[in-house]
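Dear colleague,

I am handing over the structure we spoke about, and would be grateful if you could look through it alongside the notes below.

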Amino acid sequence: MLAAFLAIGLAPLLAIAQVDTDSVGPTTSYASKADNKICNVLDYGAVADNSTDIGPPISDAWDECKDGGVVYIPPGDYALNTWVDLTGGSSCAINLDGILYRTGTDGGNMIYIEHTTDFELLSSTSAGAVQGFGYVFHAEGSIDGPRILRLYEVEDFSVHDLILVDSPSFHFSMDTCSNGEVYNMIIRGGNEGGLDGIDIWSENTWIHDISVTNKDECVTVKSPAQNILVESIYCNWSGGCAMGSLADDTDISDITYRNIYTWSSNQMYMIKSNGGNGTVSNVLLENFIGHGNAYSLDIDQYWSSETTAAGDGVQLNNITINNWKGTEEDGAERGPIRVVCSDTAPCTDVTIEDFAMWTEEGDSQWYLCESAYGDGVCLESGDDYTSYTTTVTVTAAPSGYSAPTMAADLTSAFGTDSPIPIPTIPTSFYPGLTPYSSLASALPTSIYPV
Ligand SMILES: *[C@@H]1O[C@H](CO)[C@@H](O)[C@H](O)[C@H]1NC(C)=O
Ligand SMILES: *[C@@H]1O[C@H](CO)[C@@H](O)[C@H](O)[C@H]1NC(C)=O
Ligand SMILES: *[C@@H]1O[C@H](CO)[C@@H](O)[C@H](O)[C@H]1NC(C)=O
Ligand SMILES: *[C@@H]1O[C@H](CO)[C@@H](O)[C@H](O)[C@H]1NC(C)=O
(Lines give C-alpha, C1' and ligand atoms only; values in the text may rest on other atoms or scores of the structure.)
(Ligands and ions follow the chains in the order given, each with its own letter.)
Protein backbone atom coordinates (compact mmCIF):
# COMPACT_ATOMS: atom_id res chain seq x y z
CA MET A 1 0.00 0.00 0.00
CA LEU A 2 2.71 2.39 1.07
CA ALA A 3 4.90 1.29 -1.84
CA ALA A 4 2.09 1.87 -4.30
CA PHE A 5 1.44 5.28 -2.83
CA LEU A 6 5.12 6.19 -3.07
CA ALA A 7 5.39 4.98 -6.63
CA ILE A 8 2.57 7.24 -7.67
CA GLY A 9 3.44 10.07 -5.34
CA LEU A 10 7.14 10.37 -6.02
CA ALA A 11 7.17 11.01 -9.72
CA PRO A 12 5.77 14.52 -9.57
CA LEU A 13 7.77 15.26 -6.42
CA LEU A 14 11.05 14.32 -8.03
CA ALA A 15 10.39 16.16 -11.26
CA ILE A 16 12.44 19.32 -11.14
CA ALA A 17 10.22 22.32 -11.05
CA GLN A 18 10.75 24.74 -13.91
CA VAL A 19 9.30 28.14 -14.51
CA ASP A 20 6.29 27.61 -16.71
CA THR A 21 6.66 30.69 -18.87
CA ASP A 22 3.01 30.44 -19.94
CA SER A 23 1.70 30.60 -16.39
CA VAL A 24 3.49 33.74 -15.20
CA GLY A 25 2.12 37.26 -15.48
CA PRO A 26 -1.27 38.84 -14.89
CA THR A 27 -4.32 36.63 -15.36
CA THR A 28 -6.51 39.39 -16.83
CA SER A 29 -5.55 41.32 -19.95
CA TYR A 30 -4.76 45.01 -19.76
CA ALA A 31 -7.50 45.68 -22.33
CA SER A 32 -10.20 44.16 -20.19
CA LYS A 33 -8.98 46.04 -17.11
CA ALA A 34 -9.04 49.25 -19.16
CA ASP A 35 -12.47 48.36 -20.42
CA ASN A 36 -13.64 48.13 -16.84
CA LYS A 37 -12.21 51.44 -15.66
CA ILE A 38 -9.38 53.88 -16.34
CA CYS A 39 -8.26 56.23 -13.58
CA ASN A 40 -6.28 58.97 -15.28
CA VAL A 41 -4.08 60.74 -12.73
CA LEU A 42 -4.90 64.08 -14.37
CA ASP A 43 -8.41 63.61 -12.96
CA TYR A 44 -6.95 63.20 -9.48
CA GLY A 45 -4.91 66.37 -9.32
CA ALA A 46 -1.81 65.50 -11.30
CA VAL A 47 -0.37 68.23 -13.52
CA ALA A 48 2.30 67.51 -16.12
CA ASP A 49 4.18 70.68 -15.17
CA ASN A 50 7.19 68.90 -13.68
CA SER A 51 6.58 70.57 -10.34
CA THR A 52 3.19 69.55 -8.86
CA ASP A 53 3.66 66.44 -6.71
CA ILE A 54 2.19 63.44 -8.51
CA GLY A 55 2.40 61.20 -5.39
CA PRO A 56 -1.09 61.88 -3.95
CA PRO A 57 -2.84 61.71 -7.37
CA ILE A 58 -1.29 58.29 -8.05
CA SER A 59 -2.46 57.04 -4.63
CA ASP A 60 -5.96 58.42 -5.17
CA ALA A 61 -6.22 56.95 -8.66
CA TRP A 62 -5.01 53.61 -7.27
CA ASP A 63 -7.73 53.62 -4.61
CA GLU A 64 -10.35 54.07 -7.32
CA CYS A 65 -8.97 51.53 -9.78
CA LYS A 66 -7.20 48.91 -7.66
CA ASP A 67 -10.22 46.60 -7.61
CA GLY A 68 -10.29 46.28 -11.39
CA GLY A 69 -8.93 48.95 -13.68
CA VAL A 70 -5.96 50.90 -14.95
CA VAL A 71 -4.17 53.80 -13.31
CA TYR A 72 -3.02 55.87 -16.26
CA ILE A 73 -0.19 58.40 -16.19
CA PRO A 74 -0.21 60.08 -19.62
CA PRO A 75 2.96 61.24 -21.40
CA GLY A 76 4.41 64.36 -19.76
CA ASP A 77 6.87 65.40 -17.08
CA TYR A 78 5.82 65.02 -13.45
CA ALA A 79 7.53 65.73 -10.16
CA LEU A 80 7.51 62.88 -7.62
CA ASN A 81 7.87 64.54 -4.26
CA THR A 82 6.16 62.03 -1.95
CA TRP A 83 6.35 58.27 -2.28
CA VAL A 84 3.44 55.97 -3.04
CA ASP A 85 2.59 52.81 -1.10
CA LEU A 86 0.02 50.99 -3.20
CA THR A 87 -1.54 48.02 -1.49
CA GLY A 88 -4.36 45.53 -1.86
CA GLY A 89 -4.88 45.65 -5.62
CA SER A 90 -6.44 42.90 -7.64
CA SER A 91 -6.95 42.79 -11.37
CA CYS A 92 -5.38 46.18 -11.95
CA ALA A 93 -2.58 47.83 -13.88
CA ILE A 94 -0.48 50.98 -13.81
CA ASN A 95 0.43 52.43 -17.17
CA LEU A 96 3.26 54.92 -16.77
CA ASP A 97 3.66 56.72 -20.08
CA GLY A 98 4.98 59.84 -18.40
CA ILE A 99 8.33 60.55 -16.79
CA LEU A 100 8.53 60.88 -13.02
CA TYR A 101 11.35 63.11 -11.77
CA ARG A 102 12.28 62.58 -8.15
CA THR A 103 12.12 65.76 -6.12
CA GLY A 104 11.48 64.32 -2.63
CA THR A 105 14.31 63.26 -0.39
CA ASP A 106 12.78 60.70 2.00
CA GLY A 107 14.26 57.21 2.27
CA GLY A 108 12.17 54.11 1.58
CA ASN A 109 10.69 53.24 -1.80
CA MET A 110 9.42 55.76 -4.31
CA ILE A 111 6.96 53.22 -5.70
CA TYR A 112 5.99 50.37 -3.40
CA ILE A 113 3.41 47.82 -4.53
CA GLU A 114 2.29 45.23 -2.00
CA HIS A 115 -0.33 42.55 -1.34
CA THR A 116 -1.57 42.71 -4.88
CA THR A 117 -2.64 40.06 -7.38
CA ASP A 118 -3.20 40.02 -11.14
CA PHE A 119 -1.15 43.14 -11.64
CA GLU A 120 0.69 44.79 -14.53
CA LEU A 121 3.08 47.73 -14.32
CA LEU A 122 4.15 48.96 -17.73
CA SER A 123 4.61 51.79 -20.14
CA SER A 124 2.47 51.34 -23.25
CA THR A 125 4.77 53.73 -25.15
CA SER A 126 7.88 51.92 -23.83
CA ALA A 127 9.09 55.40 -22.90
CA GLY A 128 7.76 55.76 -19.35
CA ALA A 129 10.57 56.37 -16.89
CA VAL A 130 11.49 57.19 -13.36
CA GLN A 131 14.42 59.58 -13.12
CA GLY A 132 15.79 59.12 -9.59
CA PHE A 133 18.46 61.82 -9.73
CA GLY A 134 20.59 59.67 -7.45
CA TYR A 135 23.66 61.71 -8.29
CA VAL A 136 22.43 64.38 -5.86
CA PHE A 137 22.95 61.84 -3.05
CA HIS A 138 25.99 60.16 -4.56
CA ALA A 139 27.86 63.41 -5.05
CA GLU A 140 27.62 63.83 -1.28
CA GLY A 141 28.90 60.30 -0.72
CA SER A 142 25.53 58.85 0.31
CA ILE A 143 23.74 55.78 -1.05
CA ASP A 144 21.05 55.99 1.62
CA GLY A 145 18.42 57.72 -0.47
CA PRO A 146 15.22 56.00 -1.63
CA ARG A 147 14.94 52.96 -3.86
CA ILE A 148 12.86 53.37 -6.99
CA LEU A 149 10.62 50.29 -7.13
CA ARG A 150 9.76 47.50 -4.76
CA LEU A 151 7.18 44.73 -5.04
CA TYR A 152 6.24 42.78 -1.93
CA GLU A 153 3.82 39.86 -1.89
CA VAL A 154 2.63 40.51 -5.39
CA GLU A 155 1.44 37.52 -7.39
CA ASP A 156 0.48 36.91 -11.00
CA PHE A 157 2.18 40.05 -12.21
CA SER A 158 4.30 41.60 -14.89
CA VAL A 159 6.56 44.64 -15.00
CA HIS A 160 7.71 45.68 -18.47
CA ASP A 161 8.71 48.39 -20.90
CA LEU A 162 9.89 50.69 -18.12
CA ILE A 163 13.06 52.74 -17.82
CA LEU A 164 14.58 53.22 -14.37
CA VAL A 165 17.36 55.77 -14.09
CA ASP A 166 19.87 56.77 -11.43
CA SER A 167 18.26 55.46 -8.28
CA PRO A 168 19.65 57.00 -5.10
CA SER A 169 19.72 53.39 -3.80
CA PHE A 170 18.52 50.05 -5.29
CA HIS A 171 16.52 50.24 -8.52
CA PHE A 172 14.08 47.33 -8.37
CA SER A 173 13.47 44.62 -5.74
CA MET A 174 10.97 41.77 -5.69
CA ASP A 175 10.39 40.34 -2.23
CA THR A 176 8.19 37.27 -1.67
CA CYS A 177 6.39 37.56 -4.98
CA SER A 178 5.25 34.75 -7.26
CA ASN A 179 4.28 34.04 -10.84
CA GLY A 180 5.91 37.13 -12.25
CA GLU A 181 7.28 38.17 -15.61
CA VAL A 182 9.70 41.08 -15.89
CA TYR A 183 10.93 42.08 -19.33
CA ASN A 184 11.93 44.75 -21.83
CA MET A 185 13.50 47.13 -19.37
CA ILE A 186 16.59 49.26 -19.13
CA ILE A 187 18.07 50.26 -15.80
CA ARG A 188 20.82 52.80 -15.79
CA GLY A 189 22.47 53.80 -12.52
CA GLY A 190 25.58 55.46 -11.19
CA ASN A 191 28.99 53.86 -11.24
CA GLU A 192 29.28 52.65 -7.65
CA GLY A 193 28.28 49.86 -5.29
CA GLY A 194 24.92 49.82 -3.51
CA LEU A 195 22.91 50.78 -6.59
CA ASP A 196 21.60 47.31 -7.45
CA GLY A 197 19.72 46.75 -10.70
CA ILE A 198 17.25 43.92 -10.02
CA ASP A 199 17.20 41.87 -6.80
CA ILE A 200 14.75 39.04 -6.46
CA TRP A 201 13.83 36.67 -3.67
CA SER A 202 10.58 35.15 -4.81
CA GLU A 203 9.11 32.15 -6.61
CA ASN A 204 8.28 31.13 -10.14
CA THR A 205 9.36 34.24 -11.97
CA TRP A 206 10.73 34.83 -15.46
CA ILE A 207 13.03 37.79 -15.97
CA HIS A 208 14.18 38.43 -19.53
CA ASP A 209 15.44 41.05 -21.94
CA ILE A 210 16.84 43.52 -19.48
CA SER A 211 19.82 45.85 -19.68
CA VAL A 212 21.54 47.10 -16.53
CA THR A 213 24.28 49.70 -16.11
CA ASN A 214 25.62 50.44 -12.59
CA LYS A 215 28.48 49.07 -10.49
CA ASP A 216 26.64 46.54 -8.37
CA GLU A 217 24.10 43.75 -8.84
CA CYS A 218 22.87 43.36 -12.41
CA VAL A 219 20.14 40.72 -11.90
CA THR A 220 20.66 38.93 -8.59
CA VAL A 221 18.84 36.16 -6.75
CA LYS A 222 18.71 36.31 -2.98
CA SER A 223 17.36 33.86 -0.42
CA PRO A 224 14.76 32.44 -0.27
CA ALA A 225 14.05 31.83 -3.95
CA GLN A 226 12.65 28.96 -5.99
CA ASN A 227 12.14 28.60 -9.71
CA ILE A 228 13.65 31.70 -11.18
CA LEU A 229 14.49 31.87 -14.87
CA VAL A 230 16.70 34.75 -15.98
CA GLU A 231 17.33 35.08 -19.71
CA SER A 232 18.80 37.53 -22.20
CA ILE A 233 20.37 39.97 -19.82
CA TYR A 234 22.84 42.66 -20.87
CA CYS A 235 25.02 43.78 -17.98
CA ASN A 236 26.34 46.82 -19.80
CA TRP A 237 29.02 48.02 -17.38
CA SER A 238 27.78 46.72 -14.05
CA GLY A 239 28.69 44.71 -10.99
CA GLY A 240 27.41 41.65 -12.85
CA CYS A 241 24.83 39.00 -12.01
CA ALA A 242 25.06 37.11 -8.74
CA MET A 243 23.46 35.02 -6.05
CA GLY A 244 23.73 36.36 -2.53
CA SER A 245 25.01 37.49 -0.23
CA LEU A 246 24.00 34.21 1.40
CA ALA A 247 24.13 33.54 5.13
CA ASP A 248 21.84 31.72 7.60
CA ASP A 249 19.08 29.39 6.47
CA THR A 250 19.74 29.89 2.79
CA ASP A 251 17.02 28.25 0.74
CA ILE A 252 17.49 28.59 -3.01
CA SER A 253 16.67 26.06 -5.69
CA ASP A 254 15.96 25.69 -9.39
CA ILE A 255 17.59 28.80 -10.72
CA THR A 256 18.53 29.14 -14.39
CA TYR A 257 20.46 31.98 -16.00
CA ARG A 258 20.75 31.68 -19.76
CA ASN A 259 22.08 34.00 -22.49
CA ILE A 260 23.82 36.46 -20.23
CA TYR A 261 26.12 39.04 -21.83
CA THR A 262 28.41 40.83 -19.42
CA TRP A 263 30.65 43.72 -20.29
CA SER A 264 33.02 45.66 -18.04
CA SER A 265 31.63 44.30 -14.80
CA ASN A 266 33.03 42.97 -11.55
CA GLN A 267 32.12 39.42 -12.62
CA MET A 268 30.00 37.41 -15.03
CA TYR A 269 28.44 35.42 -12.20
CA MET A 270 29.19 35.26 -8.51
CA ILE A 271 27.76 33.10 -5.73
CA LYS A 272 28.81 34.82 -2.55
CA SER A 273 28.67 33.81 1.08
CA ASN A 274 30.82 33.64 4.17
CA GLY A 275 29.82 30.98 6.67
CA GLY A 276 26.10 30.50 7.14
CA ASN A 277 24.02 27.40 6.43
CA GLY A 278 21.15 26.07 4.35
CA THR A 279 21.32 25.06 0.69
CA VAL A 280 21.55 26.21 -2.89
CA SER A 281 20.64 23.49 -5.37
CA ASN A 282 19.84 22.92 -9.03
CA VAL A 283 21.49 25.92 -10.60
CA LEU A 284 22.20 26.17 -14.32
CA LEU A 285 24.35 29.00 -15.69
CA GLU A 286 24.43 28.56 -19.43
CA ASN A 287 25.39 30.50 -22.54
CA PHE A 288 27.37 33.31 -20.96
CA ILE A 289 29.49 35.74 -22.96
CA GLY A 290 31.86 38.09 -21.21
CA HIS A 291 34.33 40.78 -22.18
CA GLY A 292 36.37 43.18 -20.10
CA ASN A 293 35.24 41.81 -16.74
CA ALA A 294 37.38 41.50 -13.61
CA TYR A 295 36.18 38.04 -12.51
CA SER A 296 34.22 35.64 -14.67
CA LEU A 297 32.91 32.58 -12.79
CA ASP A 298 33.39 33.40 -9.12
CA ILE A 299 31.97 31.13 -6.44
CA ASP A 300 33.31 32.48 -3.18
CA GLN A 301 32.19 30.96 0.09
CA TYR A 302 34.76 33.00 2.00
CA TRP A 303 33.72 36.32 0.56
CA SER A 304 35.69 38.88 2.50
CA SER A 305 33.21 41.72 1.95
CA GLU A 306 30.64 39.83 4.01
CA THR A 307 30.78 39.40 7.78
CA THR A 308 31.29 35.74 8.65
CA ALA A 309 28.00 34.13 9.67
CA ALA A 310 27.73 31.20 12.10
CA GLY A 311 27.59 27.79 10.43
CA ASP A 312 29.72 25.44 8.34
CA GLY A 313 28.84 27.19 5.12
CA VAL A 314 25.95 27.15 2.68
CA GLN A 315 25.71 23.76 0.95
CA LEU A 316 25.93 24.16 -2.82
CA ASN A 317 24.73 21.14 -4.77
CA ASN A 318 24.05 20.45 -8.46
CA ILE A 319 25.52 23.59 -10.00
CA THR A 320 26.13 23.43 -13.76
CA ILE A 321 28.17 25.94 -15.70
CA ASN A 322 27.82 25.37 -19.43
CA ASN A 323 28.99 27.19 -22.56
CA TRP A 324 30.87 30.24 -21.34
CA LYS A 325 32.85 32.14 -23.94
CA GLY A 326 34.75 35.37 -24.32
CA THR A 327 37.58 37.15 -22.59
CA GLU A 328 38.45 38.46 -19.16
CA GLU A 329 40.42 41.58 -18.33
CA ASP A 330 43.53 40.01 -16.82
CA GLY A 331 43.51 36.26 -16.28
CA ALA A 332 46.81 36.13 -14.40
CA GLU A 333 45.49 38.56 -11.85
CA ARG A 334 41.93 37.25 -11.70
CA GLY A 335 41.47 33.90 -13.38
CA PRO A 336 38.21 33.13 -15.17
CA ILE A 337 37.32 30.16 -12.96
CA ARG A 338 37.27 30.58 -9.23
CA VAL A 339 35.27 27.96 -7.37
CA VAL A 340 36.06 28.45 -3.71
CA CYS A 341 33.74 26.31 -1.60
CA SER A 342 33.49 25.98 2.13
CA ASP A 343 36.10 23.56 3.51
CA THR A 344 33.52 22.47 6.09
CA ALA A 345 30.66 22.10 3.58
CA PRO A 346 32.27 21.26 0.21
CA CYS A 347 30.22 21.87 -2.93
CA THR A 348 28.86 18.74 -4.56
CA ASP A 349 27.82 17.84 -8.09
CA VAL A 350 29.41 20.88 -9.73
CA THR A 351 29.81 20.60 -13.50
CA ILE A 352 31.86 22.96 -15.63
CA GLU A 353 31.61 22.17 -19.33
CA ASP A 354 32.27 23.93 -22.61
CA PHE A 355 34.09 26.73 -20.81
CA ALA A 356 36.49 28.68 -23.04
CA MET A 357 37.63 32.08 -21.90
CA TRP A 358 40.94 33.79 -22.44
CA THR A 359 42.77 36.78 -21.05
CA GLU A 360 42.78 40.19 -22.70
CA GLU A 361 46.10 41.02 -21.02
CA GLY A 362 49.27 38.91 -20.99
CA ASP A 363 49.38 35.25 -21.98
CA SER A 364 48.32 33.21 -18.99
CA GLN A 365 45.37 32.69 -16.72
CA TRP A 366 44.50 30.44 -13.80
CA TYR A 367 41.63 28.27 -12.65
CA LEU A 368 41.15 27.79 -8.92
CA CYS A 369 39.09 25.08 -7.23
CA GLU A 370 38.76 24.67 -3.50
CA SER A 371 36.67 21.99 -1.79
CA ALA A 372 34.43 21.59 -4.83
CA TYR A 373 33.41 18.17 -6.17
CA GLY A 374 32.08 17.29 -9.57
CA ASP A 375 33.26 17.30 -13.12
CA GLY A 376 35.43 19.66 -15.16
CA VAL A 377 38.65 21.72 -15.00
CA CYS A 378 40.15 21.66 -11.51
CA LEU A 379 37.17 20.09 -9.74
CA GLU A 380 37.84 16.87 -7.82
CA SER A 381 35.70 13.86 -8.56
CA GLY A 382 34.60 11.20 -6.09
CA ASP A 383 32.64 11.55 -2.93
CA ASP A 384 35.07 11.79 -0.03
CA TYR A 385 34.29 15.52 0.18
CA THR A 386 37.44 16.53 2.00
CA SER A 387 38.88 20.00 1.68
CA TYR A 388 41.53 20.69 -1.00
CA THR A 389 42.86 23.53 -3.12
CA THR A 390 44.00 23.16 -6.73
CA THR A 391 45.25 25.91 -8.99
CA VAL A 392 45.80 25.26 -12.69
CA THR A 393 47.79 27.71 -14.78
CA VAL A 394 46.84 27.91 -18.43
CA THR A 395 49.25 29.38 -20.97
CA ALA A 396 47.42 28.79 -24.25
CA ALA A 397 44.08 30.20 -25.29
CA PRO A 398 41.36 27.53 -25.10
CA SER A 399 39.95 26.78 -28.52
CA GLY A 400 36.68 28.43 -29.37
CA TYR A 401 36.96 31.19 -26.79
CA SER A 402 36.20 34.03 -29.15
CA ALA A 403 32.72 35.46 -28.82
CA PRO A 404 30.88 38.42 -30.28
CA THR A 405 30.62 41.79 -28.59
CA MET A 406 27.53 43.97 -28.52
CA ALA A 407 27.79 47.04 -30.70
CA ALA A 408 26.30 49.15 -27.93
CA ASP A 409 28.83 48.35 -25.19
CA LEU A 410 29.14 51.40 -22.98
CA THR A 411 32.63 52.83 -23.38
CA SER A 412 32.85 54.90 -20.23
CA ALA A 413 30.87 54.87 -17.01
CA PHE A 414 28.25 57.33 -15.97
CA GLY A 415 29.84 58.93 -12.96
CA THR A 416 28.18 59.66 -9.66
CA ASP A 417 28.09 63.43 -9.56
CA SER A 418 26.10 64.55 -12.59
CA PRO A 419 22.69 63.64 -14.02
CA ILE A 420 22.39 60.42 -16.02
CA PRO A 421 20.44 60.74 -19.25
CA ILE A 422 17.26 58.73 -19.70
CA PRO A 423 17.95 56.04 -22.34
CA THR A 424 15.57 54.19 -24.63
CA ILE A 425 14.88 50.47 -24.30
CA PRO A 426 17.17 48.49 -26.61
CA THR A 427 15.89 45.83 -28.98
CA SER A 428 18.60 43.24 -28.35
CA PHE A 429 20.08 42.11 -25.06
CA TYR A 430 22.31 39.26 -26.21
CA PRO A 431 24.32 38.84 -29.40
CA GLY A 432 22.11 37.53 -32.16
CA LEU A 433 18.94 37.31 -30.11
CA THR A 434 15.81 39.37 -30.37
CA PRO A 435 13.59 39.77 -27.30
CA TYR A 436 10.84 37.25 -26.55
CA SER A 437 8.21 40.00 -26.71
CA SER A 438 7.97 43.08 -28.89
CA LEU A 439 8.18 46.42 -27.18
CA ALA A 440 4.72 47.53 -26.05
CA SER A 441 5.13 50.59 -28.27
CA ALA A 442 5.29 48.30 -31.30
CA LEU A 443 2.02 46.50 -30.51
CA PRO A 444 -1.42 47.46 -31.81
CA THR A 445 -3.00 50.12 -29.57
CA SER A 446 -5.91 47.74 -28.93
CA ILE A 447 -3.60 45.76 -26.64
CA TYR A 448 -2.86 48.73 -24.38
CA PRO A 449 -5.77 51.14 -24.88
CA VAL A 450 -5.60 54.38 -22.88
C1 LIG B 1 12.01 68.38 -14.57
O2 LIG B 1 12.57 68.89 -13.38
C3 LIG B 1 13.88 68.46 -13.09
C4 LIG B 1 14.25 69.07 -11.76
O5 LIG B 1 13.45 68.50 -10.76
C6 LIG B 1 14.82 68.87 -14.19
O7 LIG B 1 16.12 68.43 -13.92
C8 LIG B 1 14.34 68.24 -15.47
O9 LIG B 1 15.17 68.65 -16.55
C10 LIG B 1 12.92 68.71 -15.75
N11 LIG B 1 12.43 68.00 -16.92
C12 LIG B 1 12.13 68.67 -18.03
C13 LIG B 1 11.70 67.83 -19.18
O14 LIG B 1 12.20 69.87 -18.11
C1 LIG C 1 21.40 27.94 10.61
O2 LIG C 1 22.04 28.80 11.54
C3 LIG C 1 21.14 29.49 12.35
C4 LIG C 1 21.94 30.53 13.14
O5 LIG C 1 23.19 30.03 13.50
C6 LIG C 1 20.40 28.50 13.22
O7 LIG C 1 19.48 29.17 14.06
C8 LIG C 1 19.65 27.53 12.32
O9 LIG C 1 19.03 26.53 13.09
C10 LIG C 1 20.60 26.88 11.34
N11 LIG C 1 19.80 26.16 10.35
C12 LIG C 1 20.11 24.98 9.91
C13 LIG C 1 19.23 24.42 8.82
O14 LIG C 1 21.07 24.36 10.35
C1 LIG D 1 20.20 19.45 -11.31
O2 LIG D 1 19.73 20.71 -11.71
C3 LIG D 1 19.16 20.74 -13.00
C4 LIG D 1 18.74 22.16 -13.28
O5 LIG D 1 19.83 22.96 -13.34
C6 LIG D 1 17.99 19.80 -13.10
O7 LIG D 1 17.50 19.78 -14.41
C8 LIG D 1 18.41 18.42 -12.68
O9 LIG D 1 17.28 17.59 -12.65
C10 LIG D 1 19.04 18.47 -11.29
N11 LIG D 1 19.51 17.16 -10.93
C12 LIG D 1 19.08 16.57 -9.83
C13 LIG D 1 19.67 15.21 -9.58
O14 LIG D 1 18.27 17.07 -9.05
C1 LIG E 1 24.83 50.21 -23.30
O2 LIG E 1 25.19 51.48 -22.88
C3 LIG E 1 25.36 52.41 -23.96
C4 LIG E 1 25.81 53.73 -23.40
O5 LIG E 1 24.89 54.20 -22.50
C6 LIG E 1 24.05 52.61 -24.67
O7 LIG E 1 24.24 53.45 -25.80
C8 LIG E 1 23.54 51.28 -25.12
O9 LIG E 1 22.26 51.42 -25.67
C10 LIG E 1 23.49 50.32 -23.96
N11 LIG E 1 23.05 49.07 -24.48
C12 LIG E 1 22.02 48.41 -23.98
C13 LIG E 1 21.61 47.18 -24.73
O14 LIG E 1 21.44 48.74 -22.97
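What follows is a short account of a ligand site and of the domain arrangement.

Please keep in mind throughout that this is a predicted model.

I begin with ligand 4, whose surroundings consist of Ile186, Arg188, Ser211, Tyr234, Asn236, Ala408, Leu410, Phe414, Pro426 and Ser428. Sorted by class, that shell holds six nonpolar, three polar and one charged residues, and at least two of its residues come from each of strand 12 (172-188) and strand 15 (225-236). Three side chains place a polar atom by an oxygen atom of the ligand: for Asn236 an N or O atom lies at 2.3 Å, for Ser211 the separation is 2.5 Å, and for Arg188 the corresponding value is 2.6 Å. Of the 360 Å² that ligand 4 exposes when taken alone, the protein buries 76%.

As for the overall division of the chain, domain 1 is made up of two segments, 19-223 and 410-442, while domain 2 spans 238-405. Their centres, taken over C-alpha atoms, are 31 Å apart, and the contact between them draws on 16 residues from domain 1 and 27 residues from domain 2. About 1500 Å² is buried between the two domains, with carbon and sulfur atoms giving 51% of that area. On the domain 1 side, Lys215, Val221 and Tyr430 together supply 38% of the area buried against domain 2, which is more than any other three residues contribute.

With kind regards

Technical notes:
Residues are numbered from 1 along each chain as its sequence is written. Chains are lettered from A and ligands numbered from 1 in the order in which they are written. This is a predicted model: local features need pLDDT of at least 70, side-chain atom pairs count only at pLDDT 80 or more; totals for chains, interfaces and linings use all residues. Side-chain values use heavy atoms; hydrogens and water are left out. A residue is near a molecule or strand if one of its heavy atoms lies within 4 Å of it. A polar contact is a pair of N or O atoms within 3.5 Å; within protein, one must be able to donate a hydrogen and the other to accept it, and residues adjacent in sequence count only if both atoms are side-chain atoms. Accessible areas come from the Shrake-Rupley method with a 1.4 Å probe; for residues, only the protein chains shown count as cover. Helices (H or I, at least four residues) and strands (E, at least two) are DSSP runs, numbered from the N terminus. Ala, Val, Leu, Ile, Met, Phe, Trp, Tyr, Cys and Pro count as nonpolar, Asp, Glu, Lys and Arg as charged, and the others, Gly among them, as polar. Domain bounds come from an automatic or database domain assignment. Contact means heavy atoms within 4.5 Å. Buried area is the accessible area (1.4 Å probe) that two parts lose on being put together, summed over both.
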